[in-house]
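Open the model in your viewer and keep a selection box ready. The tour goes stop by stop.

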Amino acid sequence: MDLALQDTTVPSDSDHGATAEASMELQAEGDVMEQIATALDQLNQDRSNYNTYIQLITLLRQVDMPEELEQVRVDLHENFPLYEQMYLDWINDIKQRDLSQEKKDEMLRRVYDWAADDYLSIPIWESFANYVVENYQRVGDVIKEETRRDLLKAVAATNNHVAESQRIWTIYADFIEDDLMKKVYLERLKVLHMDCADTFSRYSTWVTEHDNANYEETMLEANKIYAKTKAAVADREFYEQALKDSGYALDRFYTYIEFEKSCKKMSNVGTVRNLYERAITIYCMDVNLWEDYIHYMMQAARIPTIVTPIAARAVRNCPWSGSLWSHYARFLESGDAPKEDVYAVIDKALADRTLVASLEDLIAVLTTKCDYARRRVDWQNPDTDSLADLQMAFEEALIHIGQHFPDGDPYYRVEKYYATVMSKRFGDYDKGKELWQGIVQRHGKSAQAWLEFIQFERSLGHVAECQQLFRRAMSKNVDYPQQLMAEWTTFEHEYGTLESLESTMVRVYQKNKSLAVYQQRVEERKESVKLIKHKQQKGAHRSRLKENKKARRAEEQAAAAPAAAAASSETEDHTMTEASNADSTRSNKRKRPDDDMDVDEQTTTDQPHVADDDATFKKPSRPIKKAKMQQTRDLAKEDDQDQQHQGNEGDHDEPARSSISHRGRGARGRGRPRNTGRGRPRLGTGTSTRSSASSSETPETRPQTNDDFRALLLGKKK
């Protein structure tokens, strides 16, 4: 290797940063490519996934893959309508591609046409008008007539847009030659648009510049037209402002549409239709809005070339609606479309999974197919193919219903239709009866099904079969037996014999009796259930009251627990303090002064000095507490014995008082120590007045229990 050719330059920090950034970009691009591959696989499996299309378009716009992006957009358009911004992005991407002008024009015109078919969009039409003008400026007068036609197309598509049609018309007006401007302005003033004042002002300026000599005469003619348009605009200003203020709410559109239908000033099918188009641009997936639009057009202007495209757009936006598919198929039929085209539309509807998931939508499409097949039959001179197509349509309808709804149609609409056609049109009574037998077998409890079967037989003049069906139906537990009995009685009055009428009357009478008994039992059962339910409710109410009471009691106890604990602690401490004081007092009485001195000296000499910080009161432990309380009781007992001994020497009544005092204290149990200097004094050491009162007691009034003691004490206080 030639070392002189080697690059020995040390990479700088900026080079490292650029390399890292490039590496990150490559990694991000690799992740995007992987996501693109995943999305493509999903679309290959399911072409009806709209969200996958949107995700794939977003990913493809991040990488340089314009051809793949174009193809995905085309596939999306074939399956779904595109919104306004999606079309605008598509148009801008085509303009920026490195293609020949001829190829760009081809692609752009195709996208513009698709966008016009999907929704009414002023921005897209404005983009189209600017595009054709720019194309004319680039090419020259060679395409002048083509450009004028394109601009007229844009003006015609947006002319009835009361609020924003001026944006398209001004582009057209700037393109037109001066010799045609007078006619263009006068025609514009006749159109209902909110900017009519601007149009009148522009016309005045143009007349001043090009025909000033006839200004007054020309403007007087224009003012008559302008005044009429201005008055009509004034009637719409409120509704246009209401739309803006509500954020273009759907109910405001409905209000505006109903006003436009009833308005007499410059209102027509075009203005009403334009309001529907404006609403659909925003609420494209509202089935009711499409239904309202289509029914209005059916009433006001049922022209196949107009209503068929509307229905086609409706099913593109709401493919799950069987009613919209039915409109589309009927409009194709009214436009003399080939049989293959009509059947193709119906088959496409039946292939939609969201549609076949709804019984009502499925029945609507199947009935439309049967209707179309029936109308194609020339009943005056029927051919084999058309009859076979009709019978095949009914059979396929029954297969579809059984496949998607095993329980069938609860209203047996297709079966009933099929039975009528087979018996009345084909003359095949056995097939019709077979179909009805299958209906009542599946819906045996439906009185309506039996009555319709009977009506089918009655329309064919089969009286005996009708009577037999009535008897069969009466033996079933049908949902509305009274209706069945009333119809049977009426039928017997009209067609029955005397015997059959009386037999029917007996059957109806017995059935009514059994129904009355059954109804009575049902009412009794209802009352019993009601009573049981009432008792259960009362029991549940009592249980709730008890639970609430327990909860309140628990809350009260929880709230009072701290205060009770504090009071108990305070009382216990106070009792211990008083007992200690009494013990100290009695001990001091029995000690000599010399012993006190000796004890003090001994205490002072033997005990070590205790600091003030450590001389705090400590609650005695439980054994010490019990010992002190026992010592207090022993001293009190000795004191009572001393007092009793002294009383025997001085006064014979004193033992009685001592006995009362002892029993009273014993009855109280643990309480305040006797003779502690507070509270009630002891009975044995009372005043002379109490002694005299005590001496007057007799054995009969001497208290024997704690309650007697309280009664005696309270009586003395009084």
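Start by selecting Val365. Leaving aside neighbours within four places in sequence, Val365 is in contact with Gly322, Trp325, Ser326, Ile346, Ala349, Leu350 and Leu355. Contact here means heavy atoms within 4.5 Å. Val365 lies in helix α19. Helices (H or I, at least four residues) and strands (E, at least two) are DSSP runs, numbered from the N terminus. With a relative accessible area of 2%, Val365 is buried. The classes are buried (under 20% relative accessible area), exposed (over 50%) and partly exposed in between, with a 1.4 Å probe and protein chains only.

A note on the model before moving on. This is a predicted model: local features need pLDDT of at least 70, side-chain atom pairs count only at pLDDT 80 or more, and totals for chains, interfaces and linings use all residues. Residues are numbered from 1 along each chain as its sequence is written, and side-chain values use heavy atoms, with hydrogens and water left out.

**Next: Trp325**

Draw a C-alpha to C-alpha distance from Val365 to Trp325. How far apart are Val365 and Trp325 in sequence and in space? They are 40 residues apart in sequence and 6.8 Å apart in space. Now show what surrounds Trp325. Not counting residues up to four places away in sequence, Trp325 touches Val315, Pro319, Val345, Lys348, Ala349, Leu355 and Val365.

**Zoom out: the cores**

Trp325 is also one of the residues with the most contacts inside the largest nonpolar core, along with Trp290, Tyr328 and Phe394. That core has 90 residues. A nonpolar core is a set of buried Ala, Val, Leu, Ile, Met, Phe, Trp, Tyr and Cys residues joined through side-chain atoms within 4.5 Å. Colour helix α19 (residues 359–375): the largest share of this core, 8 residues, comes from there. Apart from this core lies another, of 68 residues. To find the second core, select Val74, Ile124, Trp169 and Val233, which are among its members. In soluble globular proteins, nonpolar side chains tend to be buried together.

**Salt bridges**

Switch to charged side chains. How many salt bridges does the structure hold? There are 31. A salt bridge is a side-chain nitrogen of Lys or Arg within 4 Å of a carboxyl oxygen of Asp or Glu.

Select Arg73 and Asp93. The closest N and O atoms of this salt bridge are 2.8 Å apart. Arg73 lies in helix α3 (residues 66–79) and Asp93 in helix α4 (residues 84–96), so the pair ties together parts that are 20 residues apart in sequence. Are Arg73 and Asp93 buried or exposed? Both are buried.

Go on to Lys339 and Asp389. Their side chains meet in a salt bridge at 3.7 Å, N to O. Lys339 sits in helix α17 (residues 339–350) and Asp389 in helix α20 (residues 384–404), so this pair links parts that are 50 residues apart in sequence. Lys339 is partly exposed at 27% relative accessible area. Asp389 is partly exposed too, at 25%. Now add Arg61 and Asp89 to the earlier pair: salt bridges that share partners join Arg61, Arg73, Asp89 and Asp93 into one network.

Then select Lys261 and Glu258, whose side chains form a salt bridge at 3.6 Å, N to O. Both lie in helix α12 (residues 250–262), 3 residues apart, about one turn of the helix. Lys261 is partly exposed at 33%, and Glu258 at 43%.

**Two loops with positive phi**

Select Met266, in the loop between α12 and α13. Its phi is near 55°, a positive value in a residue other than glycine. Jump to Asp336, in the loop between α16 (322–334) and α17. Asp336 is not a glycine either, yet has a positive phi of about 60°. With a relative accessible area of 70%, Asp336 is exposed.

**A polar residue inside**

Select Asn274, in helix α13 (residues 269–282). At 7% relative accessibility, Asn274 counts as buried. Leaving aside neighbours within four places in sequence, Asn274 is in contact with Leu120, Asn160, His161 and Val162.

**Last view: the whole protein**

Show the full cartoon. There are 31 helices and 0 strands. Of the 718 residues, 36% count as buried. Among contacts between residues at least 6 apart in sequence, 59% join residues at least 24 apart.
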